[in-house]
Amino acid sequence: MRLTAGDTEVTVLPDEGARLSSLRIKGTELLRPGDRFGSFVMVPWCGRTRHGEIRDGGRVHQLPVDAGPHAIHGTVRRRRWHTAAVDEHSAAMVVDLSDPWPWPGRVTQTVRLAEDGGSLTLALGVETSGDSFPAQAGWHPWFLRRPIPDGPEARIDFTPAWQEERGSDHIPTGKRVSPVPGPRDDCFAMPDGVDVTVEWPGLLRLRITSRAEWVVVYDEQEEAVCVEPQTGPPNGLNTHPRLVTQLEPLEVTTTWSWETLG
């Protein structure tokens, strides 16, 4: 599906996890193509869950491990989603939570371009179809480090309250530390809401905001950088559980707004 407004075009792939495969602004592509591409949904957890284990009171639920000894990025990013509604500027898609996730539920994503093409808002909702369960939700965009060959390189600017110390297993230790320079594959706390700027000097400035209070920044790769707003830190199903109940679904949005430079 292609959404268009102003000088902006967004391509969404419902059959591939409701992933954004392209964000093109005035002809410039910002999202990475290829194998690890676009921007995908992380539900019902974000980042790594230690050993794929969810501790629910006295019970342990086992998830498939697919990132070394851990389970990573949820279960819906490769699933086929159903398109519930679509028009020129927006789309809504749904997918059911099912095995290997131990609780039944449903995830909704809406993608909406502003009418002037100057911003994009993504919204996720996670609902239970039965018992309550812990969940997280977020997005994992791959932004091109250099959208133009030999052009400006992405610069990431933000002011987190603290950084979660990363253990040797890439899981937060639970210790808060002062933010350190990159390269990063780290989780940061922003209690007043995520607010991160990615700037390609002289080309474009992209601002990523969300009421979510956590963001993972990953800039260790040559081709792309990631700024991932999410509702909890890695392994948060165990350390910062947020229950989805019949009365309280998990809902989160992020808005990407931009301005061209030069």
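**Salt bridges and a strand pair**

Visitor: What is the relative accessible area of D66?
Guide: D66 falls in the partly exposed class. Here buried means under 20% relative accessible area, exposed over 50%, and partly exposed in between (1.4 Å probe, protein chains only). For D66 the value is 45%.

Visitor: What sort of model is this, and how are things counted?
Guide: It's a predicted model, where local features need pLDDT of at least 70 and side-chain atom pairs count only at pLDDT 80 or more, while totals for chains, interfaces and linings use all residues. Residues are numbered from 1 along each chain as its sequence is written, and side-chain values use heavy atoms, leaving out hydrogens and water.

Visitor: Which residue does D66 form a salt bridge with?
Guide: Side chains of opposite charge can pair when their charged atoms come close. A salt bridge here is a side-chain nitrogen of Lys or Arg within 4 Å of a carboxyl oxygen of Asp or Glu. D66 sits in the loop between β8 and β9, and its partner in the loop between β9 and β10, 11 residues apart. The closest N and O atoms are 3.9 Å apart, and the partner is R77.

Visitor: R77 or D66: which one counts as buried?
Guide: D66 is partly exposed at 45%. At 9% relative accessibility, the buried one is R77.

Visitor: Which strand holds D186, the partner of R166?
Guide: Strands (E, at least two residues) and helices (H or I, at least four) are DSSP runs, numbered from the N terminus. The closest N and O atoms of R166 and D186 are 2.9 Å apart. R166 lies in β18, so the salt bridge ties together parts 20 residues apart in sequence, and D186 lies in β20.

Visitor: Which residue is linked with R145 and E153 in a network of salt bridges?
Guide: E153 and R145 meet at 3.2 Å, N to O. R145 counts as buried at 10%, whereas E153 is partly exposed at 31%. The other member of the network is R146.

Visitor: Which side chains of β22 point to the buried face?
Guide: In a regular strand the side chains alternate between the two faces of the sheet. Along β22 (residues 204–210), R205, R207 and T209 point to the face that isn't buried, and the buried ones are L204, L206, I208 and S210.

Visitor: What is the bridge partner of I208 in β26?
Guide: Two strands pair if DSSP finds at least two bridges between them. β22 and β26 (residues 250–260) run antiparallel, joined by 7 bridges. Opposite I208, the partner is W256.
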